[in-house]
Amino acid sequence: MENNTIISLQNIDVSFGKENVLKSFNLNIRDGEFVTLLGPSGCGKTTTLRIIGGFITPDTGDVFFNGKKINDLPPHKREVNTIFQKYALFPHLNVFENVAFGMRVHKKPEAQIRETVGRMLEMVNLGGFARRSVNSLSGGQQQRVAIARALANEPKVLLLDEPLGALDLKLRKDMQTELKKIQQQLGITFVFVTHDQEEALSMSDTVVVMDKGRIQQIGTPQDIYNEPQNAFIADFIGESNILDGVMHRDFLVEFAGRKFDCLDKGFRPMEPVDVVIRPEDIEVVPPVEGHISGVVTSVNFKGVHYEIIVDVQDFKWMIQSTEYQEVGDEIGLILQPDDIHIMKKSEYSGMFGDYSTFSDEMEEDSQPAEEGEEAES
Ligand SMILES: Nc1ncnc2c1ncn2[C@@H]1O[C@H](COP(=O)(O)OP(=O)(O)O)[C@@H](O)[C@H]1O
Ligand SMILES: [Mg+2]
C-alpha cells in the first residue's frame with residue numbers, strides 16, 4: 001500500500017449462493033483520485049461499491065481505510081457517501097432541506113447548514129432553487145440535488161453508482177464535465193461506476209476494467225486504450241481488429257500471412273499471441289504499396305471519419321479513415337510497428353476478432369423489437 005492509499009481492498013471474495021461474484025479482488029485507491037470501475041452488467045461493480053460502503057461483508061479478504069482495517073465498521077461510521085442512479089430524494093422536502101438532511105441528522109448548527117447548503121447548491125448550478133419542491137425539477141436537476149446532498153456531508157470518498165445512467169446523452173455529457181470539475185475543485189476521492197467505456201475514459205484518472213468478478217486491467221485511460229492486456233479489454237474499449245499471431249522473436253510477429261516488425265518483446269519463441277490493431281491507426285494506400293491488401297465491403301460515414309470494412313483473406317478489418325473508399329475497390333493497408341499491440345493469449349482469445357458480423361449487427365440494431373420480445377426479457 002502506498003502512503004496516499006485511502007481505500008484498499010485485499011483478497012476479497014464474495015459469493016451469493018453458488019455464484020462467485022468477486023474473485024481474488026485487489027484494489028488500491030489513492031486519496032483524491034477519480035477511479036472508475038468499468039465493465040459489463042453483472043461483472044460485480046455495484047458489489048464492489050457496496051463493500052467499500054460497508055453494506056456487504058466479503059466472505060474473505062480485508063477492507064482498509066487510511067491504513068486501518070474497517071471490515072466491521074458499519075456504513076454510517078465510514079467516511080463515505082453513495083450516489084445512486086435512482087436519486088432517492090425526499091419528495092416531501094424542498095431542495096434546501098434535501099441537501100441539509102445529513103447535517104440536520106448530525107445536529108450541525110443552523111448557520112453552518114445555511115452556509116454549506118448554499119455553497120453546495122452554487123457548485124451544482126442550482127443557486128436559485130433552494131425553496132423549490134424536488135418534484136418540480138427535471139431529472140438532471142434532481143441528480144444535481146443528490147450530488148449536493150452527498151457532498152454536504154463532506155465525505156472523504158464519494159461512491160457513484162451509474163449516476164448518469166438515467167439522463168439523456170446531451171445532459172449526460174454536460175454532467176460528466178461538471179462532476180469532473182467538482183471532483184477536482186473539492187479534491188476528494190471519487191469511485192465512479194459505469195458500463196460506458198467512453199464515459200470512463202473521459203472522466204477518470206484510473207480505470208479498473210472488470211469482467212466476471214475479476215479485475216482485467218488497471219491503468220490510466222491512455223494505458224487501457226493503447227495497451228489492452230487481453231482480447232476482452234481490446235474489444236470492450238473502443239473498436240479493435242484482433243488477430244491470431246505468433247511471436248517469432250522479440251520485435252517480430254507474424255499474422256495475416258506475413259511478418260511485421262513490432263515493439264513487443266519477452267515472449268517465448270513462436271509463442272501464439274493475440275494481435276490488436278486499432279481502426280484509426282491503419283493507413284490506406286494503393287494495393288501494391290500495402291503490407292496487406294483487401295476489398296472494401298462497406299463504408300459508413302461517421303461525421304469525422306468513414307468506417308470502412310475491408311476483407312483481407314476472409315478476415316474483415318475495420319478501418320477509420322477521413323478518406324472515402326468505394327465499395328468493391330481493392331486497397332492496401334500499412335501497419336507501422338507502434339500500431340501493433342501484442343497481447344498474451346487468454347480465456348478471451350478467439351471470442352472476439354473481426355467485423356464479419358458487423359453489418360448484420362447494425363441492421364438488427366435499427367430494426368424495431370419483435371412484438372412480445374420486450375415482455376419476455
Ligand atoms: N444480493 C444479491 N443476491 C444474489 N445475487 C446478487 C446480489 N447482488 C448481486 N448479485 C449478483 O452478483 C453479480 C454481480 O452483481 P453487481 O455487482 O450488481 O453487478 P454490476 O453492478 O456490475 O452490474 C450479478 O450476477 C448479480 O446478479
Ligand atoms: Mg450495478
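**Exercise 1. Find which element gives the most to the lining of the largest cavity.**

Solution. H1 gives the most, with three residues. Helices (H or I, at least four residues) and strands (E, at least two) are DSSP runs, numbered from the N terminus. The model is predicted: local features need pLDDT of at least 70, side-chain atom pairs count only at pLDDT 80 or more, and totals for chains, interfaces and linings use all residues. Residues are numbered from 1 along each chain as its sequence is written, chains are lettered from A and ligands numbered from 1 in the order in which they are written, and side-chain values use heavy atoms, leaving out hydrogens and water.

**Exercise 2. Describe the largest cavity and its lining.**

Solution. Start with the rule. On a 1 Å grid over the protein atoms alone, a cavity is a set of points where a 1.4 Å probe fits but cannot get out; lining residues have an atom within 4 Å of a point. Grid points are joined across faces, edges and corners, and a volume is the space filled by probe spheres set on the points.

- Count: one cavity of 30 Å³ or more.
- Volume: about 50 Å³ for the largest cavity.
- Lining: Thr46, Leu49, Arg50, Phe55, Thr82, Phe84, Leu159 and Asp161.
- Elements: helix H1 (45-53) and strand E7 (157-161) each supply at least two lining residues.
- Classes: four nonpolar, two polar and two charged residues. Here Ala, Val, Leu, Ile, Met, Phe, Trp, Tyr, Cys and Pro count as nonpolar, Asp, Glu, Lys and Arg as charged, and the others, Gly among them, as polar.

**Exercise 3. Place strand E8 (residues 189-194): how many of its residues are buried, and which strands join it?**

Solution. First, cover. Six of the six residues of E8 are buried (under 20% relative accessible area, 1.4 Å probe, protein chains only). Next, the two faces. Thr189, Val191 and Val193 point one way; Phe190, Phe192 and Thr194 point the other way. Then pairing, which needs at least two DSSP bridges between two strands. Strand E3 (residues 34-38) runs parallel to E8, joined by five bridges. Leu37 stands opposite Val193 in E8. E7 also runs parallel to E8, again with five bridges. On that side, Leu159 stands opposite Val191. Leu159 also lines the largest cavity.

**Exercise 4. Check the cysteines: how many disulfides are there, and why does Cys43 count as buried?**

Solution. Search for cysteine sulfur atoms within 2.5 Å. The whole structure gives zero disulfides. Cys43 counts as buried because its relative accessibility is 2%. Cys262 is buried too, because its value is 4%.

Definitions and conventions:
1 Å grid on protein atoms, 1.4 Å probe; cavity = no way out; pocket = protein on both sides within 12 Å on 5 of 7 lines; lining within 4 Å. Buried < 20%, exposed > 50% of the residue type's maximum accessible area, 1.4 Å probe, protein only.
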